[in-house]
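Me: I should like to learn how to read the features of a protein structure. Please guide me through this one.

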Amino acid sequence: MADEREGIKVAAAAKPHLAADQPLLRIDGAVKDFGAFRAVDGVSLDIGAGEFFALLGPSGCGKTTLLRMLAGFEAPDQGRILLGGNDIAQALPHERPINMMFQSYALFPHLSVRDNIAFGLRRAGMARGDIAARVAEMVALVKLEGMEKRKPDQLSGGQRQRVALARALARRPQLLLLDEPLAALDKKLRESTQAELMELQRRLGMTFIIVTHDQEEAMTMATRIGVMDAGKLVQVATPRQLYEAPRSRWIAQFVGDINLFEGELQSYDGHRLTIVTRDAGPLVVVEPRVPVGKAKLSVAIRPEKVKLSRRESGGHADQGPAINRLEGTVSDVCYLGGSTTYTVKLDAGGTVQSAIANTVRRDADAYGVNQRVVAWFTSNDCVVLEQ
Ligand code: ATP
């Protein structure tokens, strides 16, 4: 077993036996009620071995409850949870090859770093020598050498987070659940820890499910994201799909900033839709299919895809895909360092936001308040949302 002390071999030891197309985890119609309140409402989801999956959603949407069902701290009222094809409903938390790292870290304050990490191994009845070797391996993995004897209150927030991670990884779970693991860290430490977590997950080849309400964190770390709203899983997609092709207005607004223009379908030529919007006039969108629900449509465009030109210059030359041109006046300028967000009050009545990267060092923003501009974007860069 000596070779198991190398990080790479840990992954080999932890890998479950799965058929090629079999998910590691299958959640099948999971429901959880607290009295009359439905916290998790019919969630079905497959997660493959080796995935870094993020559950994203606003506070109270049921993310933690779903995670607690996977860990065995809550029992589903309906539905099944299968790990490697086996229903784990009857398995107690410590019997599951799943570990959970809590938001609060839940470290034992009276135990040293070493004993905190060893706790679960002792409970599992591992031999003393093996525990010492495993703890040393975990300490090295999370770079806490030399701190083994310290108590949690003698550590920084980032170091406590690493102890919690080492403790959660020590039993080599097939699946690691992380509930807002970086919430207690400041921005810089969060970013470096995100990178470390991703590297660790890749090295160990383990499956991680992270719960977060921070969309940037989910986008940075996860290979796929599941968005939850009011107990329901409303979209599961890669970060890019989620951002570029959100399924609904709610998701589009929850993930990043977006301009939305409500309107009605005027025409469809098999390739492009023309939608007459109340606040921005007719807009053209490239869309391979005609929307099913024709009643209330929205044209959605991300601020960084909206360009600005001075009105005098006549906007953008006509070439390539159809250009949507919206005339208006700059009403607000917000300098953010790397980019500036301009709010344009449109002559048609609405407003549009344009985020422009500050690629050149200069003393002032490119456009000032009251500047007449044309806000423009191509028909490829916007999408139509039906709900
Ligand atoms: P946050 O991001 O704030 O942690 P969350 O998405 O993780 O939120 P949950 O903790 O899963 O949300 O809670 C979902 C809903 O279920 C909330 O409205 C919460 O008040 C409720 N809830 C959670 N646990 C219980 C419980 N034991 N009894 C009653 N209601 C509960």
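Me: At which residues does UniProt place the feature "domain: ABC transporter"?

Reply: The unreviewed UniProt entry places that feature at residues 25-255; UniProt positions are given here in the numbering used for this structure, feature names are shortened, and annotations may be inferred rather than shown by experiment. This is a predicted model, in which local features need pLDDT of at least 70, side-chain atom pairs count only at pLDDT 80 or more, and totals for chains, interfaces and linings use all residues. Residues are numbered from 1 along each chain as its sequence is written, and side-chain values use heavy atoms, with hydrogens and water left out.

Me: How many of the residues of helix α2 are buried?

Reply: An α-helix has 3.6 residues a turn, so residues three or four places apart point the same way. Helices (DSSP runs of H or I, at least four residues) and strands (runs of E, at least two) are numbered from the N terminus. In helix α2, residues 63-71, 7 of 9 residues are buried (under 20% relative accessible area, 1.4 Å probe, protein chains only). Among them are K63, L66 and L70. G72 follows α2 and has a positive phi, near 95 degrees.

Me: What is the order of the strands in the open sheet of 5 strands?

Reply: Strands of a sheet pair through backbone hydrogen bonds, either parallel or antiparallel. Here the order is β13-β12-β11-β14-β20, with antiparallel pairing; two strands pair if DSSP finds at least two bridges between them.

Me: Why is one side of β13 and of β20 left without a neighbour in the sheet?

Reply: β13 (281-286) and β20 (383-385) stand at the edges, so each has a single partner strand. For β13, strand β12 (residues 272-277) pairs with it over 6 bridges, and T277 has G281 as its bridge partner.

Key: Buried < 20%, exposed > 50% of the residue type's maximum accessible area, 1.4 Å probe, protein only.
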